[in-house]
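Q: Could you take me through the contacts, cores and cavities of this protein, setting each value against the rule behind it?

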Amino acid sequence: MKTILKLFVSYSLLLSVSLYAKDGKVTLIHMGDVHGHLVPRINMRKSDPNYNIEVGGLAYMYDQIEKIRKKHPNNLLVNTGDTIQGSAEALYSYGADMVDVLNDFGIDAFAPGNWDFVYGTRRYIELFAGLNGAKPLTNWNTITANLYYSTLYDFPATPYADKAGTRVVKPYDIKVVGGVKIGIIGLTADRGPQAVSTMVMDGFFLTPGEDELRDIIPVLREKEKVDLVVLISERGLAGNLELVEYIPGVDIVLSSDMHEETHQVLVSKNGVLLVEEGQDGTMLGQMDLVIKNKKIAKWKWTAHRIDVVTNRPNKKIADKIAKIRSKYVKGPGFRSHVNPMNGAVLRTPIDTTIGYTRVPLHRANFADESKMPAVIEGSSHNFLADAFRSACKSDVGMIRGFRYGTHVAPGEIRLEDIYHFMPIGPQIACGEISGDQIYWQIEKNAHGSLTKWIGAWGGGWLGAWSGVTYDLDPNNQYGRRITNLRVNGESVDREKMYSVGGYWYMDDPGLINRMPALEIKVLKSRNGSIVDGPEVVAYYLQTLPSHTVDPMLNRVKLLNPLPKRIGPNKEIQPLKGVFLPDGEE
């Protein structure tokens, strides 16, 4: 009897192990940083094989997803954030139009990006967690380990006092696919979209995510006995690389935020595989895995460029997008819309041609480009800064160096292009700032984009200025990177006040582009109604000869090249930052 019992116990243990340690195959399909792009846009990055071809578009992306699913039925589709912001359609629907389309994709896991908080915490809960006990409006299975409801100590006015200190959504999930038990951990960026308003995060609290990752990995490995740990994270490729190199236990990172394109896998020092999918839905990743004995025995990575040549639009998705866009474009379905950020009213179809450009407008060049690497400068942002300066008749114009955007080929500029460049439709104000503020704003931008301390990186790149030129040495210390700073050709007088035009938000009425300013005047229409930034830009184009823009380029002179890439892919932002010659920052 004892022998039989021992055999039974042994068999049970073996059975238990076999249930948790199956070998198998699984395909991870990865999308991220779609930024509200429903339809294709032109690609003006000359180094790309699909240069001057229309790229992206969710109906075309879904075509590629269906191809992969047909060939690899054991799959998971993962979306790593910054989805419901980036276009007029996303803005005026509070993200609902993106949700309507992507709910048909069959997304298995979603890690939100910082821009997915843009419509405020109540809307975030409604979309991703479920408001007042209802199901979330998305069916994307949102997971985020480092997002909490604020405590009364952090935010005494929190509207969620009864949930203080608890997580907003679950931190991880477990999926069994193709015999493989997969633990998926979600992280979001540890900053909300504060370029819009600090108040959009009222009642929420974000952590960097390191402690959560340390805590969850042993749970998945030791308690749940998973075969594979996948981190889906909107902390950026550089931040995620740093994270997994000193916190062991992750196998694969599906990354978003920096808009890098990993056409080849970036492998960390400890063997973690990291990938990122660029921006605007122009790329889709496919990771085919063979798992044996809880390890990756074999992997194959395919980076699919999504374009109108390689892909065909899925009819169901294309029809839904056409129906959605009928509310915004020319035709009988068009109607006016109210900007949720400031109350400005959209009365013009977004496919209206508002002007023309002689040069490509974008901010997409890799860091090894000899002229205008995107982390430093872009023609699109130069153009917008010129528009603000013209509207205010000011000494300088300024716009923050956001990572999102679109590409516009020489020729027509449509209103929707401007909403892709300025997707929150901010108001524009005129005011006065000092030459010292100009200097330190540029120095802070450079530090927040180039420092070797990845955790100190800001949410964008160097801001763009109109009427301002300067030399930049990335190898110098903070406070000494900028030299030869000139305003309208003359050396800056740091004690002088200069007139400026730029972004303005009603919750911070004393700031322009988040800088304290004097004599602030918010631009309005002739009848005194609210106008947003895209309308200001449209008016600027009407004032130009032939309504055509030709912005001055190369306003920043790099005195030394940016660092060489650290991995097999070209980089938009140096992934390890800039290490100074003396090793100090």
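Q: In this predicted model, which residues does phenylalanine 383 touch, leaving out those up to four places away in sequence?
A: Phenylalanine 383 touches Leu361, Ile413, Ile418, Val537, Tyr540, Leu541, Val549 and Pro551; these count as contacts because heavy atoms lie within 4.5 Å.

Q: What makes Phe383 stand out in the largest nonpolar core?
A: The largest nonpolar core has 87 residues, and Phe383 is, with Leu58, Phe105 and Phe204, among those that touch the most other members. Helix H2, residues 58-71, gives the most to this core, with seven residues.

Q: Why is the set that includes Trp465 called a second, separate core?
A: A core is a set of buried residues joined through side-chain atoms within 4.5 Å, so a set without such a link to another is counted separately. The second core has 36 residues, including Trp465, Val500, Met515 and Ala517.

Q: Why is a space in the protein called a cavity rather than a pocket?
A: A cavity is a set of points where a 1.4 Å probe fits but cannot get out, whereas a pocket is open. By this rule, four cavities of 30 Å³ or more are counted.

Q: What lines the largest cavity, and what is the character of its lining?
A: The largest cavity, with a volume of about 210 Å³, is lined by 26 residues, of which Arg41, Arg45, Glu261, Gln279 and His407 are the closest to its centre. The lining divides into six nonpolar, 13 polar and seven charged residues.

Q: Which strands each supply at least two residues of the lining of the second largest cavity?
A: They are strand S22 (461-466) and strand S23 (468-472), and the cavity itself holds about 80 Å³ of space.

Definitions and conventions:
Residues are numbered from 1 along each chain as its sequence is written. This is a predicted model: local features need pLDDT of at least 70, side-chain atom pairs count only at pLDDT 80 or more; totals for chains, interfaces and linings use all residues. Side-chain values use heavy atoms; hydrogens and water are left out. On a 1 Å grid over the protein atoms alone, a cavity is a set of points where a 1.4 Å probe fits but cannot get out, and a pocket is an open set with protein on both sides within 12 Å along at least five of seven lines; lining residues have an atom within 4 Å of a point. Grid points are joined across faces, edges and corners, and a volume is the space filled by probe spheres set on the points. Ala, Val, Leu, Ile, Met, Phe, Trp, Tyr, Cys and Pro count as nonpolar, Asp, Glu, Lys and Arg as charged, and the others, Gly among them, as polar. Helices (H or I, at least four residues) and strands (E, at least two) are DSSP runs, numbered from the N terminus. Buried means under 20% relative accessible area, exposed over 50%, partly exposed in between (1.4 Å probe, protein chains only).
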